[in-house]
Amino acid sequence: MMNDLHRSQFRLPYVLYDRIKAAAEANKRSINAEIVSRLEASFTHEDDQFDRLEKILADRDAWVVEEIKGAVAKAMADK
């Protein structure tokens, strides 16, 4: 398992470190596990937002196509 891990060192403000440490203790996990969990959650949240935006744009595009079809059909009927 160690082969698929990247070892890193990060510098954190003491205030942030203290908050992460307290959260790790509350969640009964290591500081490293707390950091990994929070980073993974932030990317999942981004993915969820991207999926919602993609659906909004697809719905908007479908609406625009239907509006254009309706306008063309009306213009053809008016001739």
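What radius of gyration does the protein chain have, and what would a compact globule of 79 residues have? Keep that in mind while you look at the picture, because it sets up the rest of my talk. The protein chain has 25 Å, whereas a compact globule of 79 residues would be near 12 Å. Before I go on: this is a predicted model, so please hear everything as a description of a prediction.

Okay, overall layout. The C-alpha trace spans about 75 × 30 × 25 Å along its principal axes. For secondary structure, we have two helices and zero strands. The helices are α1, covering 14-26, and α2, covering residues 31-78. Of the 79 residues, 5% count as buried. The accessible surface comes to about 7,600 Å², and carbon and sulfur atoms own 59% of that.

Two distances help you get a feel for the layout. Take K79, which sits in the segment after α2, and I56, 23 residues away along the chain. Their C-alpha atoms are separated by 35 Å. K79 itself counts as exposed, at 82% relative accessibility. Now take T44, which is in helix α2, and R19, 25 residues away along the chain. Here the C-alpha atoms are separated by 22 Å. T44 counts as partly exposed, with 44% relative accessibility.

Now the loop between the helices. Which residue has a positive phi although it is not a glycine? That's K28, with a phi of about 55°. Most residues other than glycine have a negative phi. K28 lies in the loop between α1 and α2, and K28 is exposed, with a relative accessible area of 75%.

On to charges. The chain carries 13 positive and 15 negative charges, and their mean positions are 4 Å apart. Side chains of opposite charge can pair when their charged atoms come close. How many salt bridges does a search of the whole structure find? It finds six, and I'll walk you through some of them.

Start with K74 and D78. The closest N and O atoms of this salt bridge are 3.2 Å apart. These two are separated by about one helical turn, because they are four residues apart in helix α2. Both K74 and D78 are exposed. There's also a network in this structure: salt bridges that share partners join R29, E34 and R38.

Let's zoom in on one pair from that network. The side chains of R29 and E34 meet at 2.6 Å, N to O. Is E34 buried or exposed? At 1% relative accessibility, E34 counts as buried. Its partner R29 is partly exposed, with a relative accessible area of 34%. So here the bridge joins a buried residue to a partly exposed one.

Another one to find on your screen is K55 with D59, a salt bridge at 2.8 Å, N to O. Why are these two separated by about one helical turn? Because they are four residues apart in helix α2. K55 is exposed, with a relative accessible area of 52%. D59 is partly exposed, at 42%.

Last topic: patches on the surface. Which residues gather in a patch of negative charge? They are E46, D47, D48, D51 and E54. If you want one to click on, try D48, which is found in helix α2. D48 is partly exposed, with a relative accessible area of 38%. That fits its place in the patch, because a patch residue needs over 30% relative accessible area.

Then there's a nonpolar patch, made by W63, V64, I68, V72 and M76. This one covers about 510 Å² of the surface. I68, one of its members, has its place in helix α2.

So, to pull it together: we have a predicted model with two helices and zero strands, and a radius of gyration of 25 Å where a compact globule would be near 12 Å. There are six salt bridges, a negative patch that includes D48, and a nonpolar patch that includes I68. If you open the structure afterwards, K28 with its positive phi is a nice place to begin. Thanks, everyone!

Methods: Residues are numbered from 1 along each chain as its sequence is written. This is a predicted model: local features need pLDDT of at least 70, side-chain atom pairs count only at pLDDT 80 or more; totals for chains, interfaces and linings use all residues. Side-chain values use heavy atoms; hydrogens and water are left out. Patches are made of residues with over 30% relative accessible area and no salt bridge: like charges are joined within 9 Å, nonpolar side chains (Val, Leu, Ile, Met, Phe, Trp, Tyr) within 5 Å. Accessible areas come from the Shrake-Rupley method with a 1.4 Å probe; for residues, only the protein chains shown count as cover. A salt bridge is a side-chain nitrogen of Lys or Arg within 4 Å of a carboxyl oxygen of Asp or Glu. Lys and Arg count as positive and Asp and Glu as negative; His and the chain ends are not counted. The place of a charge is taken as NZ of Lys, CZ of Arg, CG of Asp or CD of Glu. Buried means under 20% relative accessible area, exposed over 50%, partly exposed in between (1.4 Å probe, protein chains only). The radius of gyration is taken over C-alpha atoms; the globule rule is 2.2 Å times the number of residues to the power 0.38.
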